[in-house]
Amino acid sequence: MLSLRGVESFYGSSQALFGVDLDVASGTVTTLLGRNGMGKTTTVRAILGLTPPRRGKIALDGQRLDGLPPYRIARAGIGLVPEGRQIFPTLTVRENLIATARGGGWTEARVLALFPRLAERAGQRAGTLSGGEQQMLAIGRALMTNPRLLILDEATEGLAPLIREEIWRCVEVLKADGQAILLIDKNLDALLRLADRHHIIEKGRIVWAGGSAELAADTALRQRYLGI
Ligand code: ATP
C-alpha cells in the first residue's frame, strides 16, 4: 500500500537518504530499524512531505505523495504519532481527540474503549496526564484521522516498561483490526513479536529487508546493523 522507490533526501547540501526502497503491505505491521542517525526519521519526514525528497517516488495505494504538501499527504491517509507526543496540553483528552476527528471507523468512543485509562480521564486537561497516557492520547489522535497507514515514530521512547507493554497491546489490537502500521522503535523483542516485516537502514540506504523469523535467527545481522 505504501511504497518508496529510490528516495533521496537532503538537508541543504548534505544528503541523508541515498535511494530508499520500502514497502508496507495493507493490513501488516512493518518496521524501519537502524542505529541512531541512520535515516529513520528522515524517511518518515520524506513520507510526510516535511523534508520532501529530491528524487524518487512515494505512493500510497497508487497515489503519488511526493511533491504534495504535508496537509494533503495527511489527508491522503497517513497518520503520524510523532516522537515526543505533541498533544494540546491545555485541551482536555476529549477535546484533543475531537480536534483531529475525520469520519471513519475510529470514533471517540472506540478510541476510549481501546485506552480505558484515557476514558477515565476524558475530561482532564491533557497536560496533566502522565507521559504514557499522553502517548496513548497521541495514538488516539492519530487514529481519529482514520488513517490508511499509521506511523509510530519512537512511540515508546522514554516510557516505563509497563506502559510500553500497554502501547504494544494497543498495536496488537490495531493489527488484528487490519490497520497498516509502520513502526520505528528500539525495542527489538516487541517488534519481532508484533511485526510481519522489517527493513534495516544504514547510512541512508536499506541494507536488509525480511521477516521476523529471519531477523530473530540472524545474530550476525543484528550485531552488525543494530548493535544488538
Ligand atoms: P535517531 O534514531 O537518532 O533519530 P535516525 O535514524 O532517525 O536517528 P535521522 O534523524 O533521520 O536518523 O538522521 C539521518 C542523518 O541526517 C544523520 O546523519 C543526521 O545527522 C542528519 N540530519 C538529521 N536532521 C538533520 C537536519 N535538520 N539538518 C542536517 N542534518 C540532519
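## A sheet and its helix

Which residue in strand 2 is the bridge partner of Ser 3? In this predicted model, that partner is Asp 23. The two strands involved, strand 1 (residues 2-11) and strand 2, run antiparallel and are joined by eight bridges.

Zoom out a little, and strands 2 and 1 turn up in an open sheet of four strands, ordered 2-1-4-5 with antiparallel pairing. Strand 2 (14-24) and strand 5 (63-64) sit at the edges with a single partner strand each, so one side of each has no neighbour in the sheet. Helix 1 (residues 40-48) packs on this sheet, where it touches strand 1, strand 2 and strand 4 (55-60). The direction of helix 1 makes about 110° with that of strand 1.

## The largest pocket

On to the empty space: the largest pocket holds about 450 Å³. It has 16 lining residues, and the ones closest to its centre are Ala 74, Ile 78, Gly 79, Leu 80 and Thr 145.

Where does the lining come from? Helix 2 (70-75), strand 6 (78-81) and helix 6 (131-144) each chip in with at least two residues. Sorted by class, the lining has nine nonpolar, four polar and three charged residues.

## The second largest pocket

Next comes the second largest pocket, with about 150 Å³ of space. Its lining includes Leu 33, Gly 34, Arg 35 and Asn 36, along with Asp 185, Lys 186, Leu 188 and Leu 191, plus Leu 226 and Ile 228. By class, that lining splits into five nonpolar, two polar and three charged residues.

Note on methods: Residues are numbered from 1 along each chain as its sequence is written. This is a predicted model: local features need pLDDT of at least 70, side-chain atom pairs count only at pLDDT 80 or more; totals for chains, interfaces and linings use all residues. Side-chain values use heavy atoms; hydrogens and water are left out. On a 1 Å grid over the protein atoms alone, a cavity is a set of points where a 1.4 Å probe fits but cannot get out, and a pocket is an open set with protein on both sides within 12 Å along at least five of seven lines; lining residues have an atom within 4 Å of a point. Grid points are joined across faces, edges and corners, and a volume is the space filled by probe spheres set on the points. Ala, Val, Leu, Ile, Met, Phe, Trp, Tyr, Cys and Pro count as nonpolar, Asp, Glu, Lys and Arg as charged, and the others, Gly among them, as polar. Two strands pair if DSSP finds at least two bridges between them. Contact means heavy atoms within 4.5 Å. Axes are lines fitted to C-alpha atoms, for helices over the stretch in contact, and angles run from 0 to 180 degrees between N-to-C directions.
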